[in-house]
Amino acid sequence: MLFLVAALMLLGVVLGTVAHAPLDVTAALAAVIVVWLAVFALRERLARRRHTSAN
């Protein structure tokens with residue numbers, strides 16, 4: 001429950017920051033997050049393939 005409250009508070013801070021940031025800054029940060037998530041997903045997929053082929 002405490003984790004949920006902390007997550008909601010963090011979400012409020014982030015959304016408040018985005019509301020006051022210029023649109024180009026928000027778009028640039030969103031692009032960075034998308035690239036980060038894509039790299040993470042690719043690494044996880046490759047690691048899962050390597051792990052399952054060894055068994």
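**Two helices and a pocket**

The secondary structure here is quick to list: two helices and zero strands. Keep in mind as you look around that this is a predicted model. The helices are α1, running over 2-20, and α2, running over 23-54.

Now for the overall shape. If you laid a box along the principal axes, the C-alpha atoms would fill roughly 50 × 35 × 5 Å. The radius of gyration tells a matching story: the protein comes in at 17 Å, while a compact globule of 55 residues would have one near 10 Å.

What about burial? Taking under 20% relative accessible area as the cut-off for buried, 0% of the 55 residues make it. The exposed surface of the protein adds up to about 5,300 Å², and 76% of that is supplied by carbon and sulfur atoms.

Even so, there's a pocket to look at. The largest pocket has a volume of about 150 Å³. Which residues line the largest pocket? Going along the chain, you'll meet V14, T17, V18 and A21, then T26, L29, A30 and I33. Both helices have a hand in this, as α1 and α2 each supply at least two residues of the lining. The largest share, four residues, comes from α2.

As for the chemistry of that lining, six residues are nonpolar and two are polar, with no charged ones. So to find your way around the model, start with the two helices, then zoom in on the stretch of the chain that includes V18 and L29, two of the residues lining the largest pocket.

Technical notes:
Residues are numbered from 1 along each chain as its sequence is written. This is a predicted model: local features need pLDDT of at least 70, side-chain atom pairs count only at pLDDT 80 or more; totals for chains, interfaces and linings use all residues. Side-chain values use heavy atoms; hydrogens and water are left out. On a 1 Å grid over the protein atoms alone, a cavity is a set of points where a 1.4 Å probe fits but cannot get out, and a pocket is an open set with protein on both sides within 12 Å along at least five of seven lines; lining residues have an atom within 4 Å of a point. Grid points are joined across faces, edges and corners, and a volume is the space filled by probe spheres set on the points. Ala, Val, Leu, Ile, Met, Phe, Trp, Tyr, Cys and Pro count as nonpolar, Asp, Glu, Lys and Arg as charged, and the others, Gly among them, as polar. The radius of gyration is taken over C-alpha atoms; the globule rule is 2.2 Å times the number of residues to the power 0.38. Buried means under 20% relative accessible area, exposed over 50%, partly exposed in between (1.4 Å probe, protein chains only). Accessible areas come from the Shrake-Rupley method with a 1.4 Å probe; for residues, only the protein chains shown count as cover.
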